[in-house]
Amino acid sequence: MATTDIKGEYQPPPGYLGNLSSEQQSALDQLKKELKGQKETEFALEGEDTFVESRMGDAGLLRFLRARKFNVAASKAMWLANEKWRKEFGVDEIVKSFDYHEKADVDKYYPQFYHKVDKDGRPLYIERLGTLDIDALYSVTTPERQLKRLVYEYEKSMTERLPACSALVGHPVSTYCTILDLKDVSIRSFYRVKDYVMSAASIGQDHYPETMGKFYIINAPFLFTGVWSVVKPWLDEVTVAKIQVLGAKNKDVLLAQIPEENLPKSLGGSCQCSEGCSLSDAGPWN
């Protein structure tokens, strides 16, 4: 966790730029050296380096190192698998030309959106799974386009949202604050969309690692809290520390982390964007 010293100055968390142990710095140097020196035709065009300067700065490589506990070999394998996936999934083409023309229609049935920032300057990301209408959703879009939209938004966050938030608070911001609203969630609807949810989770975990800052699961039904108590012991303690599962009484917890004027009124805040918070993409990136 980032800290503030007695002068009020930002102190990066352990394992981040500006706060690396000698072993961590050595791992970063080694990973960079191996990637820069490697020709890997499985992941790149013939004669093309797998090291892409625009995406592979120290902060980016450290995300993969932290995800693999600074094991260089495991981090390198994760990075190369990510490069292969980017080519196969067509990430660069998605960034360049993806047109999500059905956004307003999808928002009626499965709101997923970025909206302003929390008190630590992180982009706020909100999903309202309880409003999901799976039949209506897939009458206006497809699971494949949903995943492309997810990747498009991840890429926009890495290149626009996080840098804008960093400029706003005056220090690096590299994680998000997420709210997953399960109010009125239907087990039947969730089961029908589980393949998309699992694919989306896999993309986040494997290709955009170490971006979870805070994660609030709100309006969780009793059944979910029981499942969570079983799953929790199997998760990494660092991940568990970032996740809070809350019932209907969640307003005070959310407002302790998120300014009231930044939280949509429907979630207990006071924000009412003129076009609707879920379609505004309001934040310092705009």
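**Entry 1: E155**

I looked up the surroundings of E155 and, leaving out residues up to four places away in sequence, I found that E155 touches R86, V91, V95 and Y208. I was working in a predicted model, and I keep that in mind for every entry below. E155 is found in helix α7, and with a relative accessible area of 10% the residue is buried, because the cut-off for that word is under 20%.

**Entry 2: α7 against α8**

Since E155 had brought me to α7, I next asked at what angle α7 and α8 pack. The angle came out at about 25°, with the two axes 10 Å apart. That makes α7 roughly parallel to α8, and I noted that α7 passes α8 in a right-handed crossing. On the α7 side I listed P143, Q146, L147, L150, V151 and Y154, which meet Y196, S199, A200, I203 and G204 of α8.

**Entry 3: helix α2**

I then turned to α2, which runs over residues 58–67, and checked how enclosed the helix is. Of its 10 residues 7 are buried, so α2 is largely enclosed by the rest of the structure. I wrote down the buried residues as G60, L61, L62, R63, F64, L65 and R66, and I noticed that the list includes the two arginines R63 and R66. Which helices do the buried residues of α2 pack against? I found α1 (22–36), α3 (72–89), α7 (143–169) and α8 (187–207), so the helix pair of my second entry appears here again, as partners of α2.

**Entry 4: α2 against α3**

For the packing of α2 and α3 I read an angle of about 120°, with the axes 8 Å apart. That makes α2 oblique to α3, and the crossing of these helices is right-handed. The residues that meet are G60, L61, F64, L65 and A67 in α2 and V72, S75, M78, W79 and N82 in α3. I compared this with the burial list, where G60, L61, F64 and L65 are among the buried residues of α2.

**Entry 5: the loop between α2 and α3**

I went on to the loop between α2 and α3, where K69 lies and where F70 also has its place. Most residues other than glycine have a negative phi. Against that background I noted that phi of K69 is near 55°, a positive value, and that phi of F70 is near 65°, likewise positive. Are K69 and F70 buried or exposed? At 64% relative accessibility K69 counts as exposed, whereas F70, at 17%, counts as buried.

**Entry 6: H115**

My last residue was H115, whose place is in strand β3, residues 112–117. At 0% relative accessibility H115 counts as buried, and I looked for a polar partner of its side chain, which reaches the backbone oxygen of N262 at 2.9 Å. Leaving aside neighbours within four places in sequence, I found H115 in contact with L124, N262, P264, C271, C273, C277, S280, A282 and W285, a list that includes the cysteines C271, C273 and C277.

**Entry 7: the annotated domain**

Finally I checked the record, and an unreviewed UniProt entry carries the annotation "domain: CRAL-TRIO" over residues 102–275. Over that stretch the chain is 49% helix and 16% strand, and the C-alpha atoms at its ends are 16 Å apart.

Technical notes
Residues numbered from 1 in each chain as written. Predicted model: local features only at pLDDT ≥ 70, side-chain atom pairs only at ≥ 80, totals over all residues. Heavy atoms only, no water. UniProt positions renumbered as here; feature names shortened; annotations may be inferred. Helix = DSSP H or I, 4+ residues; strand = E, 2+ residues; numbered from the N terminus. Buried < 20%, exposed > 50% of the residue type's maximum accessible area, 1.4 Å probe, protein only. Contact = heavy atoms within 4.5 Å. Polar contact = N/O pair within 3.5 Å; in protein donor to acceptor, adjacent residues only side chain to side chain. Axes fitted to C-alpha atoms, helices over the stretch in contact; angles between N-to-C directions. Parallel < 35°, antiparallel > 145°, perpendicular 65-115°, else oblique. Left-handed = near helix turned anticlockwise from the far one by under 90°.
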